[in-house]
Amino acid sequence: LKKHHLGEDHVKVADTLSNIGEVRFTMGELDKAMYAFSKAFLVKKTILGENNLEVATMVNNIANVYVEEGEVDEAIKAYMEALRIQRAKLGDDDIVVASTLLNLGDLYVKKEDNTFAMECYQQTFQIRVQQLGKQHLDVAFVLEKIARIHAGEDDIESAI
């Protein structure tokens with residue numbers, strides 16, 4: 001109905017497509033989720049420009065689908081693009097940036113690239129401490145990930 005009244009290239013149509021993508025993703029219908037997110041991405045990029053936070057959200061959603069499909073390299077590319085936009089619009093110390101860095105760290109762990117994973121986790125840690133405080137559960141969560149990398153490298157002293 002929105003598409004009929006507003007046309008295909010309208011932000012509200014893209015928002016609806018994004019919502020459909022979220023539902024499809026939750027249902028495990030990854031191909032349909034990717035289709036909806038990709039269409040929403042194209043519309044938003046065309047209307048809002050490629051450096052818009054809503055575009056970054058669409059790229060992030062596409063990355064999430066890639067993760068579920070096991071397409072680690074494609075997910076990394078998408079998260080890196082979302083991160084670029086987020087940093088440009090929100091700055092390096094925003095909690096949204098930290099979440100994307102955490103996702104990247106997880107992917108680098110899957111690739112067994114602990115150097116990049118650790119870099120992402122340490123940046124996440126710094127942002128979360130700054131934004132949430134040392135006692136926040138999300139800070140402990142990323143510390144656990146850092147400790148796991150140290151433990152996996154038999155660096156028990158650093159893991160503790």
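This passage describes helices, their packing and selected residues in a predicted model.

Helix α3 covers residues 30–48. At 1.5 Å a residue, its 19 residues should span 27 Å. The C-alpha atoms at its ends lie 26 Å apart, which agrees with that expectation. Nine positions need not be taken one by one: the buried residues of α3 are Leu-30, Ala-33, Met-34, Ala-36, Phe-37, Ala-40, Phe-41, Val-43 and Lys-44. The buried residues of this helix pack against α2 and against α4, which runs over 53–69. After α3 comes Gly-49. The phi angle of Gly-49 is positive, near 95°.

Lys-39 also belongs to helix α3. Its relative accessibility is 29%, so Lys-39 counts as partly exposed. In sequence, 19 residues separate Lys-39 from Met-58. In space, the C-alpha atoms of Lys-39 and Met-58 are 9.4 Å apart.

Met-58 appears again among the contacts of Ser-18. Ser-18 sits in helix α2, residues 11–26. With a relative accessible area of 8%, Ser-18 is buried, because buried means under 20%. Leaving aside residues up to four places away in sequence, Ser-18 touches Phe-37, Ala-40, Met-58 and Asn-61. Phe-37 and Ala-40 are themselves buried residues of α3.

Further along the chain, helix α5 (residues 72–90) packs with helix α6 (residues 95–110). Their axes come within 9 Å and cross at roughly 160°. The angle makes α5 roughly antiparallel to α6, because the cut-off for that class is over 145 degrees. The crossing of α5 and α6 is left-handed. On the α5 side, the residues that meet α6 are Val-72, Ala-75, Ile-76, Tyr-79, Met-80, Leu-83, Gln-86, Arg-87 and Leu-90. On the α6 side, they are Val-96, Val-97, Thr-100, Leu-101, Asn-103, Leu-104, Leu-107, Tyr-108 and Lys-110.

Gln-86, in helix α5, is one of the residues that meet α6. Gln-86 is buried, with a relative accessible area of 5%. Its contacts, not counting residues up to four places away in sequence, are Leu-53, Ala-56, Gly-91, Val-96, Val-97 and Thr-100. Among them, Val-96, Val-97 and Thr-100 are on the α6 side of the α5 and α6 packing. Leu-53 and Ala-56 fall within the 53–69 range of α4.

Helix α6 also packs with helix α7, residues 114–132. The angle here is about 155°, and the axes are 8 Å apart. The two helices are therefore roughly antiparallel to each other. Their crossing is left-handed. From α6, the residues in contact include Ile-95, Val-97, Ala-98, Ser-99, Leu-101, Leu-102 and Leu-104. Gly-105, Asp-106, Tyr-108 and Val-109 of α6 also take part. From α7, they meet Phe-116, Ala-117, Cys-120, Tyr-121, Gln-123, Thr-124, Ile-127, Arg-128, Gln-131 and Leu-132. Val-97, Leu-101, Leu-104 and Tyr-108 are listed in the contacts of α6 with α5 and in those of α6 with α7.

The structure holds one aromatic pair. Tyr-108 and Phe-116 form the pair, with ring centres 5.3 Å apart. Their planes stand at 35°, so the pair is tilted. Tyr-108 is buried, at 13% relative accessibility. Phe-116 is partly exposed, with a relative accessible area of 41%. Tyr-108 lies in α6 and Phe-116 in α7, and both residues belong to the contacts between these helices.

Methods
Residues numbered from 1 in each chain as written. Predicted model: local features only at pLDDT ≥ 70, side-chain atom pairs only at ≥ 80, totals over all residues. Heavy atoms only, no water. Helix = DSSP H or I, 4+ residues; strand = E, 2+ residues; numbered from the N terminus. Buried < 20%, exposed > 50% of the residue type's maximum accessible area, 1.4 Å probe, protein only. Contact = heavy atoms within 4.5 Å. Phe/Tyr/Trp six-rings, centres within 6.5 Å; stacked < 30°, edge-to-face > 60°. Expected span 1.5 Å × (residues − 1). Axes fitted to C-alpha atoms, helices over the stretch in contact; angles between N-to-C directions. Parallel < 35°, antiparallel > 145°, perpendicular 65-115°, else oblique. Left-handed = near helix turned anticlockwise from the far one by under 90°.
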